[in-house]
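Please look over the complex shown here, which is taken up below in a short series of questions and answers.

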Amino acid sequence: MNAHNLQLHQETILIIGIGNIFRGDDGAGLAAARLIRELQLPGVAVLELDGDPSTLLDRWQGAQRVVVIDAVASQSSPGRIFRFAAQAAPLPRRLFACCSCHSFGLAEQIEIARSLQQLPPSLTVYGIEGKDFRLGSGLSPEVQQALPRLVEQIREDLGIC
Amino acid sequence: MSTRTIKVDYLARVEGEGALHIKINDGRVAGVQLQIWEPPRFFEAFLRGRHFTEAPDITARICGICPVAYQMSSVHAMEEALKVKVEGPLRSLRRLLYCGEWIESHALHLFMLHAPDFLGYEDSLQMARDHPDMVKLGLQLKKVGNELVALLGGREIHPINVRVGGFYKVPAKEELAPLAERLKWARDAASQTVAWVGGLPFPEYEADYEFVALRHPEEYPLNEGRLVSRRGLDIPVKDYEKYFQEEHVPHSHALHSTLKSRDQGRGPYLVGPLARYNLNFDRLSPLAQEAARQAGLGPECRNPFQSIVVRAVEMLHAVAEALGLIAAYEMPDAPAVPVAPRAGVGCACTEAPRGILYHRYRLDEAGLIQEAKIVPPTSQNQKSMEGDLAQFVAGHLDLSQDKLTWQCEQMIRNYDPCISCATHFLNLRIERA
């Protein structure tokens, strides 16, 4: 869905999945966002961003609570879930600036938004460790298996069980 | 013998992955290698056997920054092969869509990737802390471009509404009205941008480039024109391969292009904003010409560091052009003209934000692609980039290693290289004792 069509109410929780489905586990954030969309949770809007995340600032304008899900490559075990309260502190760039040829990594985008005072009041970033970021579609089994757990954690976090 | 090396193992603020290695022996530049290691992507091979209607959507996937350019070159090439002419409001809508991509791409490069170089910042993040208003302005300008692409292309990245013969769906005139209001704001913002970048400090450097761009009888080039150069080339696009040649070099995954000129044999050439500007200044809108003059830029500019000013001028032109196209637009009766498969060969060049993008296709009777050739702007500029670096380093050997390395990276960003497109990219090494 195009964000321009999204009517964000103050109460809306905005979930943003980021990734590239043609780069293996880089599509994990998108896959998680799709699972959440399928749940059709009231008060929850879901966005999928493919490639260049530099429009992030626009997309979350007006939203009070934002959750971003992206794949990470930190050399830890595939499927491991990371959680960061990004409105409080910068993301570790090591995790979010590496695994694509996007012009800007997620960490930089969030810091630019912070400098421009355009961060949402609540911004949580979930990272899911990927195994294989080579060209090709489909997630590795470890990442696929971790997705329901990730979705569950996000729901608990947001109090929307 | 004393040897000095300048190396950047990973070039930042360029699209894609690559490296630069410069070797200096006894105060002379002994070698410059721009190494592109973004893997080859084999798009030309994927296209073989596919139906002609699929080419715009497949080739749009080559680049997330300039998908419209790929769509435009592919549809124009197909239409030539299939003997179809797209005119009137459909042609205008294609130009309008292309203006959106120019605004989006130039704003991103100018504000977020290139400007930090001139102001002494590591990246746009540092720049955003000290110049939040300019960064906000840049992001808003980019957004206007995105909105134009989203409206006409169906979505912002990898638009899906373009087809051979026209579009799948065209907007009613009133649907364009809100965009015209946004573009009026963008016109002022782009004028302000030209004045701002005109005042930046530019390293002293000029090169004797063989500029190559399209030239159209009336328009600043976007979708069509003859291929012209500063040294007298003036050919129809169908003769492109007679004059331009691609070759493999061992240090790069991207092919290098050279131009056969009448007097000097085969040599490097330059495509992109600087080339378009020098060859088509008289075709810029009066507003863009005036802004360029106010910013201290004459009809000729051979300092590649000033390409940031040229991009701002082109962005202003694209905004003015878009406003003109919207004002004159009348919704066509059909979103596309009919296209029937037939055997044939067609080629086209359009002006992507980074320069001419050439496509050629050979089709069989059923309209299936038998052969495809795609030459993106960045691979055409590689030889000029290496030449510029060699000449620049030779003239600035007294600079400290840090400063020289910084300015070499800046030189590369002058080109706004799109490494992902060129491979079929960057780390920087300057080696000296």
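Q: Asp26(B) and Lys83(B) sit in loops; is Lys83(B) buried or exposed?
A: A residue is buried if 20 or more other C-beta atoms, placed from the backbone, lie within 10 Å of its own, exposed if 12 or fewer, and partly exposed in between. Lys83(B), found in the loop between helix H3 (67–81) and helix H4 (88–119) of chain B, has a phi near 55°, a positive value in a residue other than glycine. Because Lys83(B) has 11 C-beta neighbours inside 10 Å, the class that applies is exposed.

Q: What is the phi of Asp26(B) near?
A: This is a predicted model, in which local features need pLDDT of at least 70 and side-chain atom pairs count only at pLDDT 80 or more, while totals for chains, interfaces and linings use all residues. Residues are numbered from 1 along each chain as its sequence is written, and chains are lettered from A and ligands numbered from 1 in the order in which they are written. Asp26(B) is placed in the loop between strand E2 (18–25) and strand E3 (28–36) of chain B, and counts as exposed with 11 C-beta neighbours inside 10 Å. Its phi is positive in a residue other than glycine, near 45°.

Q: How far apart are the end C-alpha atoms of helix H11 of chain B?
A: Helices (H or I, at least four residues) and strands (E, at least two) are DSSP runs, numbered from the N terminus, and the expected span of a helix is 1.5 Å times one less than its number of residues. H11(B) is largely enclosed by the rest of the structure, because 19 of its 22 residues are buried. Its residues 307–328 should span 32 Å, which agrees with the separation of the end C-alpha atoms in the model, 31 Å.

Q: Over which residues of chain B is the pLDDT below 50?
A: Chain B averages a pLDDT (the predictor's confidence in each residue, from 0 to 100) of 89, and 89% of the residues score at least 70. Where pLDDT is low, the predicted coordinates should not be read in detail. The stretch with pLDDT below 50 is residues 422–427.

Q: Which residue lies 6.1 Å from Ala32(A), C-alpha to C-alpha, at 115 residues apart in sequence?
A: Ala32(A) lies in helix H1 (residues 28–38) of chain A and is buried, with 28 other C-beta atoms within 10 Å. Beyond neighbours within four places in sequence, its contacts (C-beta atoms, placed from the backbone, within 7 Å) include Gly17(A) and Ile69(A). The residue at that separation is Leu147(A).

Definitions and conventions: Two residues are in contact if their C-beta atoms, placed from the backbone, lie within 7 Å.
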